[in-house]
Amino acid sequence: IFGMSAGLFPSSACAWLLWGIHILAAIITSYLFPETKEPGHEVQPVRTPNAEPHILTAVKSMASICGWIIIARIVLAYSEKYLLKHLPYTLTILLSGCTELSNGVIALEEIPNLGLRFILFSGFIGFGGICVLLQTRTATETLGLGCYFPGKIIQTCTTYFMSLLSIRIIFPANEQINVPFY
C-alpha cells in the first residue's frame, strides 16, 4: 500500500488511511466467516526419502506464481489492443485493476480526480485481482479456497464503502466524487 500509493496521492496520510481501512475491513470480514474445516482438506506432512531439495521446490512455486502474472499481462495487452480501447477510460482502468493489481494501480495515474483514484485504489487493493485469486489457488491447492472468494468480495465492498466515507474528510470538495446515493 505504501509503495504503490506514494506517487498517486499528495500526502502519506492517504497511505496510512488506506492501511487502516484495509486492516479494519479484514477484521470485519474475518468475523463474518466462522472457522470451519473442510472435509478432505486436512494438511498431511509429506515424508518421502527422496524429497526434492528445498530450493527446487521454491523455484517451482515461484515459477507457478509468476506465471499467472505473465498470463494476466498478456490477456491485458490483447484486451487493451482489441477490446478495451472501445470502452470509457475509467472502465478500462477498473477492468485492468480487477484483472491484475499492479497494472490497474499504474493506470490510476491517468485519473485526475483524487477521490475517484483513492476509491479505485482501495478497491484494487481489497480485491487483489483475478491474478491474485489464481496465484492463491495455485499456492493453496492442497488446502482449498473455501471462503476465500466470498471473503474477498466482502472485504472489497467493505473497503469501498469505508473509502467512500473517507474521501469526504481527506480531499477538498473539488476532488470528491459526486455519488447520488451518498
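Read along the sequence, this protein runs α-α-α-α-α-α-α-α. The model is a predicted one. Its secondary structure amounts to 8 helices and 0 strands. The protein has 182 residues, and 35% of them count as buried. The points below cover helix packing, a nonpolar surface patch and a salt bridge.

**Helix packing**

- Two packed helices are described by the angle between their axes and by the distance between those axes.
- Helix α4 spans residues 89-99, and helix α6 spans residues 114-127.
- α4 and α6 pack at about 25°, and their axes lie 9 Å apart.
- Angles under 35 degrees count as roughly parallel. The α4 and α6 pair is therefore roughly parallel.
- The α4 and α6 crossing is right-handed.
- Helix α6 also appears in a pairing with α2, at an angle of about 45° and with the axes 11 Å apart.
- That angle falls outside the roughly parallel, roughly perpendicular and roughly antiparallel ranges, so α2 and α6 count as oblique to each other.
- The crossing of α2 with α6 is right-handed.

**Nonpolar surface patch**

- Six named residues, F2, W16, W19, I23, I27 and Y31, make a nonpolar patch on the surface.
- The area of this patch is about 690 Å².
- Which helix gives the most to the nonpolar patch? Helix α2, residues 12-32, does, with 5 residues.
- W16, one of the patch residues, has its place in helix α2.
- Is W16 buried or exposed? Its relative accessible area is 52%. The cut-off for exposed is over 50%, so W16 counts as exposed.
- Helix α2 thus features twice here: α2 gives 5 residues to the patch, and α2 packs with α6.

**Salt bridge**

- Side chains of opposite charge can pair when their charged atoms come close.
- How many salt bridges does the structure hold? The count is 1.
- The side chains of E80 and R73 form this contact, at 3.8 Å from N to O.
- A salt bridge needs the nitrogen within 4 Å of the carboxyl oxygen, and the E80 and R73 pair is at 3.8 Å.
- E80 has a relative accessible area of 33%, so E80 is partly exposed.
- R73 has a relative accessible area of 32%, so R73 is partly exposed as well.
- Partly exposed covers the span between the buried cut-off, under 20%, and the exposed cut-off, over 50%.

Definitions and conventions
Residues are numbered from 1 along each chain as its sequence is written. This is a predicted model: local features need pLDDT of at least 70, side-chain atom pairs count only at pLDDT 80 or more; totals for chains, interfaces and linings use all residues. Side-chain values use heavy atoms; hydrogens and water are left out. Patches are made of residues with over 30% relative accessible area and no salt bridge: like charges are joined within 9 Å, nonpolar side chains (Val, Leu, Ile, Met, Phe, Trp, Tyr) within 5 Å. Accessible areas come from the Shrake-Rupley method with a 1.4 Å probe; for residues, only the protein chains shown count as cover. Helices (H or I, at least four residues) and strands (E, at least two) are DSSP runs, numbered from the N terminus. Buried means under 20% relative accessible area, exposed over 50%, partly exposed in between (1.4 Å probe, protein chains only). Axes are lines fitted to C-alpha atoms, for helices over the stretch in contact, and angles run from 0 to 180 degrees between N-to-C directions. Angles under 35 degrees count as roughly parallel, over 145 as roughly antiparallel, 65 to 115 as roughly perpendicular and the rest as oblique. A crossing is left-handed if the near helix is turned anticlockwise from the far one by less than a right angle, and right-handed if clockwise.
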